[in-house]
Amino acid sequence: MHAFLEDTALYDNFSTFGAWLNPALGDQARIGYAAELEELGYATIWLGIGADPVGDLALLEAVLQATHTAMVATAIINMWLDSAESVATQYHRLAYRFGPRMVLGVGLGNPEMVQSYSRPYSYMASYLDQLLGFGVPAEKIIVAALGEKTLRLAGTRTLGAHPYNTTPAHTQFARDILGPEPFLAVEHKVVLTEDVEYARAIGRPAIENPYLRLRNYTSNLLRHGFTEDDISGSGSDPLIDALVLHGSPTQIFDQLDEHLRSGANHVGIQVLTEEHGASPMTEYRALAQHFPARA
């Protein structure tokens, strides 16, 4: 076990709930959202990266500059698209300017989106070795991990794991694999409405395309309580309701609490809106007014 994992106070910097900002929102908009989210009490800002290389980490730099105390995490730098040396170089540049407020979320992406996807586990292990070898602290790396092997690797070599598009059943599985110490930060989508049909109308397209077309996600869903019927087409109602929570702010936090009871340390909340890419800030403000006491 890494020595830094003995001090779980490290996790307090993240708080219990963070804001997960989709790349469809646009970089300039997210820079502005991040500043307000920090003021609202979201102590962690997750920056969705999408399918593009991160290059000089300009978005991360801009969000760090726009905020003062928030942790800012990339979700997720694709290991196939940006070399470990380049990412480490940019990490050290930003760490010099902004101190310890950043976390590098890294992962393998999806085989459907990367031309060369050979021996992914070995590639991930080598990439983490390189990041550590280039001086990136283990506690500043978190891994997009779903399966047993990658979860074990994340738990023994880095801060922990950031599973995406999962349910509390997977969170329990992940915690059992990781053991008690590593950090487990999950993402979950929400629609702020008590109208179930309206919530499904917003949530279903977000799940169907792309996640029901990517076997890493569909295979994981099949391993954790869902059937072929659930993941076929645009997804069953129970699947959509599980992956995109809906209700009042209090109801949503009650549902997110299942992740915490299942072993998560932190939940990154991704707000979905009726118009894809529209500002989620009205919803984040409403949620912030109902943060549970432990947030």
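**Notes on strand β8 and the nonpolar cores**

1. Strand β7 (residues 160-161) runs parallel to β8, and the two pair over 2 bridges. Gly160 is the residue that sits across from Phe183 of β8. Between the two strands the chain passes through helix α6 (residues 168-178), giving a β-α-β crossover that is right-handed. Bear in mind as you read that this is a predicted model.

2. β8 has other partners too. With strand β10 (residues 266-271) the pairing is parallel, over 6 bridges, and here Glu187 faces Gly268. With strand β9 (residues 244-246) the pairing is again parallel, over 3 bridges; Val190 has Leu245 as its bridge partner there.

3. How enclosed is β8 (residues 183-191)? Largely so, because 9 of the 9 residues in the strand are buried. Take the two faces in turn: Phe183, Ala185, Glu187, Lys189 and Val191 point one way, while Leu184, Val186, His188 and Val190 point the other, and all are buried. Do look at Glu187, Lys189 and His188, which are on that buried list.

4. Now the packing. The largest nonpolar core has 65 residues, and those touching the most other members are Leu37, Val106, Leu128, Leu131, Ile269 and Tyr284. Helix α3 (residues 84-98) supplies the largest share of this core, with 6 residues.

5. Leu37 is a handy place to start browsing. Leaving aside residues up to four places away in sequence, Leu37 touches Ala19, Leu21, Tyr42, Ile45, Met281 and Tyr284.

6. Don't overlook the second core, which is separate and has 31 residues, including Trp20, Ile76, Leu214 and Ile231.

Definitions and conventions. Residues numbered from 1 in each chain as written. Predicted model: local features only at pLDDT ≥ 70, side-chain atom pairs only at ≥ 80, totals over all residues. Heavy atoms only, no water. Core = buried A, V, L, I, M, F, W, Y, C linked by side-chain atoms within 4.5 Å. Buried < 20%, exposed > 50% of the residue type's maximum accessible area, 1.4 Å probe, protein only. Helix = DSSP H or I, 4+ residues; strand = E, 2+ residues; numbered from the N terminus. Contact = heavy atoms within 4.5 Å. Pairing = 2+ DSSP bridges. Right-handed = clockwise from strand over helix to strand, strands pointing away.
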